[in-house]
Amino acid sequence: MARPSVARRTVMTPILLSALLVAFALVAWAAGSKPFNQTVIDIFLQVIFVVGLYTFVGNSGVISFGHIAFACLGGYVAAWTTIKPMMKGISMPGLPDWLMQLEIPFWGAALAGGAFAAFWALLFGAVLMRLSGIAASIATFAMLAMVNSIYSNWESVTAATSSVVGIPIVRTLWPYLAAAIIAVFAAWAFAISRHGLALRAARDEPTAAAASGVNIPRARLIAFVISGGIMGAGGALYAHSIGLVTPDTFYLGLTFTTLSMLVVGGMGSLSGAVLGVLILSSLIQALRWLEAGVQVGTTTFALPGGVQEIALGAVMILILMFRPAGIMGNSELSGPRRKTKPGQPGHDN
Amino acid sequence: MGSIMQVVFDALSLGSLYALGALGIALIFGVMRLVNFAHGDVIAFCVFALLWPSVDAVAITFAGNLPWFLLIPFVLCVGAGLSVLSEVVVFRRFRHANPATMMIASFALGFVIRYFLLMLYSSRPKSISLLPALSQPVEVFGARIPLLQVITIAVTIGVLIGLTQFLRRTRFGLEMRAAAENFTMARVLGVRANRVIMGAFALSGALAAAVALILGSQTGTANIMMGANVMLMAFIATVIGGMGSLAGAVIAGFLLGAVATVMQVILPPDARAFRDAFVYGAVILVLIFRPQGLLSARGTKERV
């Protein structure tokens, strides 16, 4: 009997994950409260970032500390292309003329941000993907620091460390939902493509994969470019969700949050990436709420600032201690079909 | 002549800072293959230990007012203590985990330490005057340089010689080198794993404290992010030097200091702000041609 294609067997995963995201969006829409709306937008943006990170880290097994640099590139593309020309002239006088006059809609900026980030991912990746293991991880960290250092100092083009304001704010959550779903499907499509499968083979058995003709640096580079593109688009949308960008928005803090979400969810699993975001976002929200203060009887009980990050770090360390593969391990959410075949290996792609 | 000497001293003192940081990271990497991202936050913690127990903006109430011969051991002990504590509480449970997992765990631990400081002291930088006598200039070979730079360089050289002697001559040093070479084999031959690893963490923490003292007296401020930059350069130095090679880490640290200082001088004024970006770029270039580092340690190469 012919086995169904890989796509047919695994397509339930992105569909289920998208359904989960849609459910979140519907709840937010039904609640109709503004802060809640913003929270759900944040969650969708984190989904884009973490799924982007997963596309590289999950498939290649190389930890990257540098992906937020691509979000930074994308975020500034949004600033360059969507702020009104007059305001750009004041805050970023060094832009070339054609860019100065340009004013495109936000989805155009997201595409441009993704393309710009993917281009730089190609350049950086061509160099970085020759490294492996810890050296590669630290080199990605150097890349993050390099991008941050350039964007924090290039006064005329990025307004240095001061925030660039005037990016049109998009407040409805549907575009973010759509982008998150697209990111999930893109990550899935890559993971089951021949390049994705080759890369996963290289992750699990580098020697055997190389002997079977997998060009490991090239397979990693493809994943790096795709994930860089997703991060860039996410960065542009992030800029549109809050209306301003600074280099430090896209630095260690966001790197830590996205990485911890991926680790908690499970690095080798797309479902893990999405669930990690949903679980940790809920935790962060609860802690923020406690930091803001809760009325208990007549006294207000508030946690001091910083507890949120400390708790996040502690959760991450505990998960790593007791469940190093994350909540989902290497498995994916899928339909009930899989459970009827206990003899199958744990993950089928 | 004077200005050239000035550059040389700048390069040496910046390089010393990076070398001490790199040494702290390489020591731990050598014995347990842990890339310790929490190192920078241990540095910051040591600086803030001077302010403790006051959390006010400018006050130094207790530790910072100690005379120098008490102050320095105090800070070194704080660093070593925190480092050993992190080993006992966190890293001990990761002994059999793969390096990537440990690396992320240390990243998380670094964040916990940093936000613990933030919770106590807030994110605003605080001014501290630590050993103010050291900022007086002295004349060396026709160049007027702060006394602190001379002391930094001297201390680093002293630490390096001391550490080399320690690793070469003492039983503990021998055990540590054996553990770095082949941990399993060393254990089989009777080296106590916990003792060696805790020793490595204590040394690394003390080195972090030394960096903290130098940074604190150089900048005169305490900032919860102050360890991050040194740590990043120190990481890069350990990678360029060949992961786990102590000599490589030190040489690469000085090399980075030299490159950064020279770039500061030769770059056109417009580009000076991007000095660090150029340094990171240079690092990536080095890694293309020597991905295993300049001096690669034995046993760190991925075996098939």
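**Figure 1. Surroundings of A:Val164 in the predicted model.** In this predicted model, A:Val164 is buried, because 24 other C-beta atoms lie within 10 Å and 20 or more are required for that class. The residue is found in strand S1 of chain A, which covers residues 164-165. Leaving aside residues up to four places away in sequence, A:Val164 touches A:Ala79, A:Ser91, A:Met92, A:Ala159, A:Leu244 and A:Val245. With one of these contacts, A:Ser91, the C-alpha to C-alpha separation is 7.0 Å, although A:Val164 and A:Ser91 are 73 residues apart in sequence.

**Figure 2. Packing of helix H4 against helix H8 in chain A.** Helix H4 (residues 67-82) and helix H8 (residues 133-153) of chain A pack with their axes 8 Å apart and at an angle of about 30°. H4(A) is therefore roughly parallel to H8(A), since angles under 35 degrees fall in that class. On the side of H4(A), the contact is made by A:Ile68, A:Ala69, A:Cys72, A:Leu73 and A:Tyr76. H8(A) contributes A:Met143, A:Leu144, A:Val147, A:Asn148 and A:Tyr151. By residue class, this contact of H4(A) with H8(A) comprises nine nonpolar residues, one polar residue and no charged residues.

**Figure 3. Helix H10 of chain A and its packing partners.** H10(A) runs over residues 174-192 and contains 19 residues, which should span 27 Å at 1.5 Å a residue; its end C-alpha atoms are 27 Å apart, in agreement with that expectation. The buried residues of H10(A) include the aromatic side chains of A:Tyr176, A:Trp188 and A:Phe190. Also buried in H10(A) are A:Leu177, A:Ile181 and A:Val184, together with A:Ala179, A:Ala180, A:Ala183, A:Ala186, A:Ala187 and A:Ala191. The helices of chain A against which the buried residues of H10(A) pack are H2 (12-31), H3 (34-60), H7 (106-128), H11 (194-204), H13 (216-242) and H15 (270-292).

**Figure 4. The hairpin of strands S2 and S3 in chain B.** Strand S2 (residues 137-140) and strand S3 (residues 143-146) of chain B run antiparallel and are joined by four bridges. B:Pro137 has B:Pro146 of S3(B) as its bridge partner. Two residues lie between the strands of this hairpin, in which B:Phe141 takes a positive phi near 50°. Chain B as a whole has 11 helices and four strands. Of the 304 residues in chain B, 48% are buried. Among contacts in chain B between residues at least 6 apart in sequence, 76% join residues at least 24 apart.

**Figure 5. The contact between chain A and chain B.** Chain B supplies 37 residues to the contact, and chain A supplies 35 residues. On the side of chain B that touches chain A, the elements giving two or more residues are helix H4 (99-121), helix H9 (226-240) and helix H11 (275-289) of chain B. H4(B) provides the largest share of that side, with 15 residues. The residues of chain B on this side divide into 32 nonpolar, two polar and three charged.

Note on methods: Residues numbered from 1 in each chain as written. Chains lettered and ligands numbered in written order. Predicted model: local features only at pLDDT ≥ 70, side-chain atom pairs only at ≥ 80, totals over all residues. Contact = placed C-beta atoms within 7 Å. Nonpolar A, V, L, I, M, F, W, Y, C, P; charged D, E, K, R; others polar. Pairing = 2+ DSSP bridges. Expected span 1.5 Å × (residues − 1). Buried ≥ 20, exposed ≤ 12 C-beta atoms within 10 Å, placed from the backbone. Axes fitted to C-alpha atoms, helices over the stretch in contact; angles between N-to-C directions. Parallel < 35°, antiparallel > 145°, perpendicular 65-115°, else oblique.
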